[in-house]
Amino acid sequence: MDSILVTGGGELNGQIPIAGAKNACLTLMPATLLSDEPLTLTNAPRLSDIKTMTELLQSLGAEVTSLQDGKVLAMSSHNIHNHTADYDIVRKMRASILVLGPMLARDGHAVVSLPGGCAIGARPVDLHLKALEALGAELELKDGYIHAKAPGGLKGGTVNFPLVSVGATENVLMAATLAKGTTVINNAAREPEIVDLADCLCKMGAQIDGAGTSTITVQGVDRLHGATHSVVTDRIELGTYMLAPAFCGGEVELLGGRIDLVEAFCEKLDAAGISVEETENGLKVARRNGRIQAVDVTTEPFPGFPTDLQAQMMALLCTASGTSVLEEKIFENRFMHAPELIRMGAQIDVHGGTATVTGVDKLKGAPVMATDLRASVSLILAGLAAEGETVVSRVYHLDRGYEHVVGKLSAVGAKIERIKGQ
Ligand code: EPZ
């Protein structure tokens, strides 16, 4: 397994290009199943999760061709010959569950492996299943698989989510586009990735109102046609790299960055003493004079502070002036980066979903282990500002969600290299 060696010290200056959003692309790709005409995605990120989704769609019979070094995905689902999403692929990536709604809507039957949990939590899919049942789906759980049927096709219905779920909103939104009649989704997720999916579905002929708000209304249509769609900017990659100059000093411009994707995050950056300026190419970020100030953070569904930026923010606050309290409200086990940061000299007390971080002057480089996607990059950021060398192992987690981390950070002056595993 590869690892990444980071040598701390030195300001960061220059530009970092931000890629298309992993979490948008992972729901846009299954949308190809809704039509037998080609769907082409541009600005696609080059990530291992995208390769896994490609493998899954191809196992169903879809054609997925990666062009322009992976930035373009040309897909066609005119020949779906298999309606079973196998455990071997699904267990690698939870987002695989997003083929369920589209397959059911298109052909009236699907068998999808239960995804199982992951490092950050149990990750149940009950909300996905209840939402599809509200559209008339008949579901049975057998031998670790979801057996779904909609003999007469899906029918429009009302979906009332008891809690906000990004994936469940995406699954039922895609299914509703081909359901007979009108579907209303209440307490829908409002993430930009939902808006991007709705934009793409409307380009394919779907009739959707309210994406980005808590209530989405879908008028079902008989069929969807092909389209070409550019994947929205990745707000989590954006937020991650906005923190790089906050850790190290200097000034970095994030190309393609959009302030509307990270408003709650920017409020916390401002309170911590980091300036964010909109430019014609994106966002320019610099640390105001002196030390980062402690801030309290609570993760919430969009437009609140994103859970996917919690680990990165915690790493920054380890050397802030004062004490910060971070509350993780979305996932039950998303503080696994804390023990690794403590190995670097951080002072963090974790009690349930609350982490209290007491700022220290400086972290010290150490060998640390990546435990999940976002924790892995928070350790790299910490290593950029720490004294000495930090070696982050198990970086396969990183490859799931960040393309060319070493290239992007070294281009702005970071001392970072990837070490091939034996
Ligand atoms: C999406 O996961 C993202 N993944 C996650 O990003 C992100 O952290 C999460 O949304 C929250 O923003 C993708 O888009 C591929 P949820 P998802 O359903 O859809 C519970 C990353 O790092 N829940 O909004 O799985 C669930 O356990 C990843 O890029 C149920 O109880 O998240 C969690 O506590 C990590 N039943 C909460 O809801 C369900 O049926 C929110 O989960 C579904 C979810």
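In this predicted model, the ligand is surrounded by 23 residues, and those that come nearest are Leu127, Ser165, Asp308, Ile330 and Arg374. Several polar pairs pin down how the ligand's oxygen atoms sit against the protein. Starting with the backbone, a N or O atom of Val166 lies 2.8 Å from an oxygen atom of the ligand, and a backbone N or O atom of Pro124 is found 3.2 Å from a ligand oxygen. Arg374 joins in through its side chain, where an N or O atom is 2.7 Å from an oxygen atom of the ligand. As for cover, the ligand taken alone would expose 830 Å², and 87% of that is buried by the protein. Helix 1 (22-28), helix 5 (126-133), helix 6 (166-176) and helix 12 (373-385) are the elements that give two or more residues each to the shell. Helix 5 supplies the largest share, with three residues.

Next comes an open sheet of four strands. Its order is 18-19-21-20, and the pairing is mixed. Strand 18 (297-298) and strand 20 (347-351) sit at the edges, each pairing on one side only. Strand 20 runs antiparallel to strand 21 (residues 354-358), and five bridges hold the two together. One of the paired positions is His351, whose bridge partner in strand 21 is Thr354. Helix 10 (residues 310-317) packs on this sheet and touches strand 18, strand 19 (323-327), strand 20 and strand 21. The direction of helix 10 makes about 170° with that of strand 19.

Gln310 belongs to helix 10, and the side chain is worth a closer look. Is Gln310 buried or exposed? With a relative accessible area of 1%, Gln310 counts as buried, because the cut-off is under 20%. A polar atom of the Gln310 side chain lies 2.9 Å from the backbone oxygen of Arg334. Leaving aside residues up to four places away in sequence, the contacts of Gln310 are Thr299, Phe305, Leu326, Glu328, Arg334, Phe335 and His337. Arg334 therefore turns up both in this contact list and as the polar partner of the Gln310 side chain.

Helix 10 also has a part in covering another helix. Helix 9 (residues 263-272) has five named positions out of reach of solvent by the burial criterion: Ala264, Phe265, Cys266, Leu269 and Ala272 are its buried residues. Their cover includes helix 8 (235-248), strand 16 (274-278) and helix 10. Just after helix 9 comes Gly273, with a positive phi of about 100°.

Elsewhere, strand 5 (residues 72-76) is mostly covered, with four of its five residues buried. Strand 5 has antiparallel partners in strand 3 and strand 4. Three bridges link strand 5 to strand 3 (residues 39-42), and in this pairing Thr40 stands opposite Ala74. With strand 4 (residues 63-67), strand 5 shares five bridges, and here Glu63 has Ser76 as its bridge partner. Strand 4 and strand 5 make up a hairpin with four residues between them. In the turn, Gln68 takes a positive phi of about 50°.

Note on methods:
Residues are numbered from 1 along each chain as its sequence is written. This is a predicted model: local features need pLDDT of at least 70, side-chain atom pairs count only at pLDDT 80 or more; totals for chains, interfaces and linings use all residues. Side-chain values use heavy atoms; hydrogens and water are left out. Two strands pair if DSSP finds at least two bridges between them. Contact means heavy atoms within 4.5 Å. Axes are lines fitted to C-alpha atoms, for helices over the stretch in contact, and angles run from 0 to 180 degrees between N-to-C directions. Buried means under 20% relative accessible area, exposed over 50%, partly exposed in between (1.4 Å probe, protein chains only). A polar contact is a pair of N or O atoms within 3.5 Å; within protein, one must be able to donate a hydrogen and the other to accept it, and residues adjacent in sequence count only if both atoms are side-chain atoms. A residue is near a molecule or strand if one of its heavy atoms lies within 4 Å of it. Accessible areas come from the Shrake-Rupley method with a 1.4 Å probe; for residues, only the protein chains shown count as cover.
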